[in-house]
Amino acid sequence: MATGSDRTPSAPDARRALQQLSADRAAVRYPPMPRWFYPVQASLLAGLCLVQLLPSPAAAVATVLAGVTVALLGSRYWLNRPDVSGVTPSLRDMLPFLAGTSGAILLAMALSRTTGAWWVWIVAAVVVAGVVLRTGATYRQEYGDAA
């Protein structure tokens, strides 16, 4: 790849360029999120758990609606932001979040089906909302808020 110059950059210049590239990568991978994003996502995911307490046909419809809304908001505000393309989330960074939310939901599903304990969905809703809100607080502290 041609740089347009035959001179080798100095060590400080190269270091600054690499730091800028790292900062640019982080800005794309970890954009500032609107303040409302995490509380809304926490509410929707907690709602996804709580709708399991509804009668079966209503629970299925509400689950699909909540799931689609969560996916659309996540896609719009994180993966497909205006003026940014090619976002590649780091699975290593997302693993604790996914393990906490998915684990709570899968455990509640297994417990409610095997024991008939309906109240596990309330516990799962609290756990899932807590994971999302904690993740949001940590994320916003590190990467800031969107305008």
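**Helices H4 and H5 and the largest pocket**

Ala 137 has its place in helix H5. The model to which Ala 137 belongs is a predicted one, and this residue offers a convenient point of entry. With a relative accessibility of 40%, Ala 137 counts as partly exposed, because that value falls between the 20% limit for buried residues and the 50% limit for exposed ones. Across the fold, the C-alpha of Ala 137 lies 8.3 Å from that of Tyr 38, although 99 residues separate the two in sequence.

The overall architecture gives this pairing its setting. The protein contains five helices and zero strands, and its order along the sequence is α-α-α-α-α. Of its 147 residues, 27% are buried. Among the contacts with a sequence separation of 6 or more, 72% join residues 24 or more positions apart.

Helix H5 itself may be considered next. It comprises 24 residues and extends 34 Å from its first C-alpha to its last, close to the 34 Å expected at 1.5 Å a residue. The buried residues of H5 include Val 120, Trp 121, Ala 124, Ala 125, Val 128, Ala 129 and Val 132. Gly 136 and Tyr 139 are also buried in this helix. The general geometry of helices is relevant to such a list: an α-helix has 3.6 residues a turn, so residues three or four places apart point the same way. Just after H5, Gly 144 adopts a positive phi of about 85 degrees.

Helix H4, which spans residues 91-115, meets H5 at several places. Thr 101 is one of the residues of H4. This threonine is buried, because its relative accessible area is 6%, under the 20% limit. Beyond residues up to four places away in sequence, Thr 101 touches Val 128, Val 131 and Val 132; of these, Val 128 and Val 132 are among the buried residues of H5. The side chain of Thr 101 also has polar partners in the backbone. One of its polar atoms lies 3.0 Å from the backbone oxygen of Phe 97, and a polar atom of the same side chain lies 3.5 Å from the backbone oxygen of Leu 98.

Leu 98 likewise belongs to H4. Its relative accessible area of 31% makes Leu 98 partly exposed. Apart from neighbours within four places in sequence, Leu 98 is in contact with Leu 91 and Gly 103. Its C-alpha is separated by 9.3 Å from that of Val 131, which stands 33 residues away along the chain.

Further along H4 lies Ser 112. Its relative accessibility is 18%, and Ser 112 therefore counts as buried. When neighbours within four places in sequence are set aside, the contacts of Ser 112 are with Ala 117, Val 120 and Trp 121. The side chains of Ser 112 and Trp 121 are joined by a polar contact of 3.3 Å. Both Val 120 and Trp 121 are buried residues of H5.

The description closes with the largest pocket, which holds about 790 Å³ of space. Its lining consists of 28 residues, of which Tyr 38, Trp 78, Met 94, Phe 97 and Thr 135 are the closest to the pocket centre. Two or more lining residues come from each of helix H2 (37-50), helix H3 (56-79), H4 and helix H5 (120-143). By residue class, the lining divides into 18 nonpolar, seven polar and three charged residues. Two of the residues closest to the centre have already appeared in this account: Tyr 38 is the residue whose C-alpha lies 8.3 Å from that of Ala 137, and Phe 97 is the residue whose backbone oxygen lies 3.0 Å from a polar side-chain atom of Thr 101.

Technical notes. Residues numbered from 1 in each chain as written. Predicted model: local features only at pLDDT ≥ 70, side-chain atom pairs only at ≥ 80, totals over all residues. Heavy atoms only, no water. Helix = DSSP H or I, 4+ residues; strand = E, 2+ residues; numbered from the N terminus. Buried < 20%, exposed > 50% of the residue type's maximum accessible area, 1.4 Å probe, protein only. Polar contact = N/O pair within 3.5 Å; in protein donor to acceptor, adjacent residues only side chain to side chain. Contact = heavy atoms within 4.5 Å. 1 Å grid on protein atoms, 1.4 Å probe; cavity = no way out; pocket = protein on both sides within 12 Å on 5 of 7 lines; lining within 4 Å. Points joined across faces, edges and corners; volume = space filled by probe spheres on them. Nonpolar A, V, L, I, M, F, W, Y, C, P; charged D, E, K, R; others polar. Expected span 1.5 Å × (residues − 1).
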